[in-house]
Amino acid sequence: MADIALPLAKSTSTTTATVTTLPDTPTSSVGSRTFGRNIMNTSLIESKFLSHPEDLGVVAVGFSGGQCKPGVDAAPSALIEAGLLTQIRDELGYNLHGHDTVHLYTDLVPKEDPDYRNMKNPRAVSAVTRKIADQVYNQAKEGRLVLTLGGDHSIAIGTIGGSAKAIRERLGREIAVIWVDAHADINTPETSGSGNIHGMPVSFLTGLASEDKEDIFGWIKDENRISVKKIVYIGLRDVDAGEKRILRENGIKAFSMFDIDRYGIGRVMEMALGHIGSDTPIHLSFDVDALDPMWAPSTGTPVRGGLTLREGDYICECVHETGSLVAVDLVEVNPSLAPAEDIGAHETVRAGCSLVRCALVGTTTAVKMASILTSEPSLVYSRRVVEARVHKYHWPAVQLNIWMLIMLISACTIIGVFAAFIDIQHTLLLPVPWYFPYYITVASLTVFFILLLLYLIYQRRLLPSIVMIGGFILFVLWLTGLIVISVQLWGPDGSVSSECNLQVFGANPMPKGQTLETLAWLEQRSICQSWQAVFAFGLVGGVFLLWIMVIAYQVFADDAV
Ligand SMILES: NC(=[NH2+])NCCC[C@H](N)C(=O)O
């Protein structure tokens with residue numbers, strides 16, 4: 001394979017590209033990315049699926065055979081020259097692996113490569129993507145995050161094929177793909193108008209297109225494939241007719257620029273990540289042409305009306321914040337296509353660097369600025385740590401809702417019954433026993449506690465400790481009330497229950513007719529039934545308070561794992 005080796009010191013050139021590489025800083029001097037230790041450089045997000053989140057496997061792919069315009073193969077060198085890898089290592093604190101070579105794959109490109117099923121350069125793209133799949137797989141199987149710098153978007157057949165296989169082997173899970181692009185790249189060879197394979201990678205990855213010939217994508221096996229249900233598109237605005245049909249028929253989730261205008265990027269990201277779910281590893285494949293040409297003009301198939309750079313960065317930050325990111329591709333930067341002088345290429349490369357940084361470190365910029373402004377541990381930092389922890393608690397929504405509903409019913413019934421009892425005592429000119437107002441107070445506190453929980457849920461700040469402490473206090477109060485009620489019902493003095501059985505339920509003969517006596521009997525019966533209801537709801541409340549403590553403990557324990 002003909003590759004450009006990257007020397008350790010800044011160099012000014014090789015035959016095909018000018019390559020500037022990392023200054024010779026030993027990796028060991030790079031700040032640790034251990035959670036919370038190095039706030040300048042560290043992502044505050046704990047990775048869910050990487051065993052070595054501090055390691056970054058880099059695959060630099062200088063390949064342009066998936067389309068016809070030369071120049072996209074020079075992108076990795078341009079990005080590296082702009083200092084991307086140096087920053088990733090020295091500022092973001094990653095340990096880099098495999099970063100010392102830009103692969104050109106010239107030896108994999110056959111001399112003769114006639115079109116096949118309407119595909120251009122089919123054997124070259126197949127051989128190169130197969131090799132890329134191996135490279136990405138080798139990095140990903142070590143439990144590292146993998147960054148691939150393309151290259152045109154056909155290389156995603158290799159990057160996604162490789163990470164899908166590695167994650168299946170390592171974790172037994174399927175990956176999800178967030179495909180940020182102006183195009184859907186889901187043409188089959190038959191629906192493609194251009195025959196360019198960079199417009200087809202998703203169809204090969206999902207199995208919508210396949211081929212038996214080993215040298216023309218026959219190497220793609222189930223282990224490399226992804227499910228159509230696990231792809232989410234963002235930024236679409238130039239989708240071919242055949243692709244629209246494929247998207248519709250397969251129910252593929254897609255957020256076009258129209259959706260971004262309508263809902264805003266924040267809501268779109270919520271919906272996109274909601275579709276994927278929080279327990280699925282994510283491969284982010286970012287085509288720079290998703291950005292508006294204003295921000296990224298140097299790309300092979302620019303389409304106006306795209307994302308702002310900030311929206312692109314936000315997408316990358318959101319994906320990073322999930323903690324589910326396992327691989328990132330940045331593709332279709334073509335430094336040789338600079339419509340308005342050289343500045344276009346420069347801007348596009350800068351935009352690309354920004355996207356990658358955001359994907360690798362999330363929103364640390366804010367933290368970084370705050371920490372520079374104050375020498376004390378920054379407020380922003382501490383707040384973010386708290387938020388990162390709060391967001392990780394997974395409350396079982398159904399149980400929580402049932403719990404609140406039943407507790408609310410119990411508390412309100414008890415308040416109602418005792419309020420009525422107090423009224424009766426007043427009417428009969430009898431003193432009010434202490435436990436009537438006591439139980440009303442406890443039940444009111446319970447209602448207040450439920451309202452507090454609702455508020456905290458709305459704020460996404462419900463901590464298990466609050467629920468456990470609150471639940472425990474209420475349980476003790478509730479239990480005291482229950483004991484008092486039981487003593488009244490069945491205890492030695494008073495014994496409401498035996499009184500009721502004797503006078504009311506066991507009254508013989510039962511009063512009938514519209515007499516005062518019947519009315520008095522009916523009133524007494526309803527008082528007796530109210531006592532029973534109070535006992536029943538008191539019992540339910542006590543048990544449910546125990547239950548919520550168990551739930552809170554489980555939520556707490558799950559998070560600690
Ligand atoms: N990754 C890209 N830039 N793809 C552009 C694809 C354009 C067009 N849909 C095609 O199939 O040829």
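Biologist: What covers the buried residues of H14?

Modeller: The cover includes helix H13 (397-427) and helix H15 (464-490). It is judged by contacts (two residues touch if their C-beta atoms, placed from the backbone, lie within 7 Å). Keep in mind that this is a predicted model, where local features need pLDDT of at least 70, side-chain atom pairs count only at pLDDT 80 or more, and totals for chains, interfaces and linings use all residues. Residues are numbered from 1 along each chain as its sequence is written.

Biologist: Which are the buried residues of H14?

Modeller: They are Tyr439, Ile440, Val442, Ala443, Thr446, Phe449 and Leu453. Just after H14 comes Arg460, with a positive phi of about 55°.

Biologist: What makes H14 a helix?

Modeller: A helix is a DSSP run of H or I with at least four residues, a strand is a run of E with at least two, and both are numbered from the N terminus. H14 (residues 435-458) has 24 residues and reaches 34 Å from its first C-alpha to its last, close to the 34 Å expected at 1.5 Å a residue. In total the protein has 17 helices and 10 strands.

Biologist: Why is Glu332 called buried?

Modeller: Glu332 has 32 other C-beta atoms within 10 Å, so it counts as buried. The cut-offs are 20 or more for buried, 12 or fewer for exposed and anything in between for partly exposed, with C-beta atoms placed from the backbone. Glu332 sits in the loop between strand S10 (325-331) and H10, and its phi is near 70°, a positive value in a residue other than glycine.

Biologist: And what makes Arg117 partly exposed?

Modeller: Arg117 has 14 C-beta neighbours inside 10 Å, so it falls in the partly exposed class. Its place is the loop between strand S4 (101-103) and H3. Its phi is positive too, near 45°.

Biologist: How do you know that H3 is largely enclosed by the rest of the structure?

Modeller: Of its 19 residues, 17 are buried, so H3 is largely enclosed.

Biologist: How do you know that the end C-alpha atoms of H3 have a spacing that agrees with 1.5 Å a residue?

Modeller: The expected span is 1.5 Å times one less than the number of residues. For the 19 residues of H3 (residues 122-140) that gives 27 Å, and its end C-alpha atoms are 26 Å apart, so the two agree.

Biologist: Which residues touch the most other members of the largest nonpolar core?

Modeller: Ile178, Val326 and Ala359 do, out of 112 residues. Such a core is a set of buried Ala, Val, Leu, Ile, Met, Phe, Trp, Tyr and Cys residues joined through C-beta atoms within 7 Å. Helix H10 (residues 343-361) gives the largest share of this core, 10 residues. Leaving aside neighbours within four places in sequence, Ile178 is in contact with Val232, Ile234, Ala272, Ile282, Leu284 and Val319. Apart from this core lies another, of 24 residues, including Ile440 and Phe544.

Biologist: What joins Gly150 and Gly151?

Modeller: A cis peptide bond, with omega about 15°. Gly151 belongs to the loop between strand S5 (145-149) and helix H4 (156-171).

Biologist: Where does UniProt list "transmembrane region"?

Modeller: The unreviewed UniProt entry gives residues 402-422, 434-458, 465-489 and 531-556. In the model, residues 465-489 are 100% helix and 0% strand, with end C-alpha atoms 35 Å apart.

Methods: UniProt positions are given in the numbering used here, feature names are shortened, and annotations may be inferred rather than shown by experiment.
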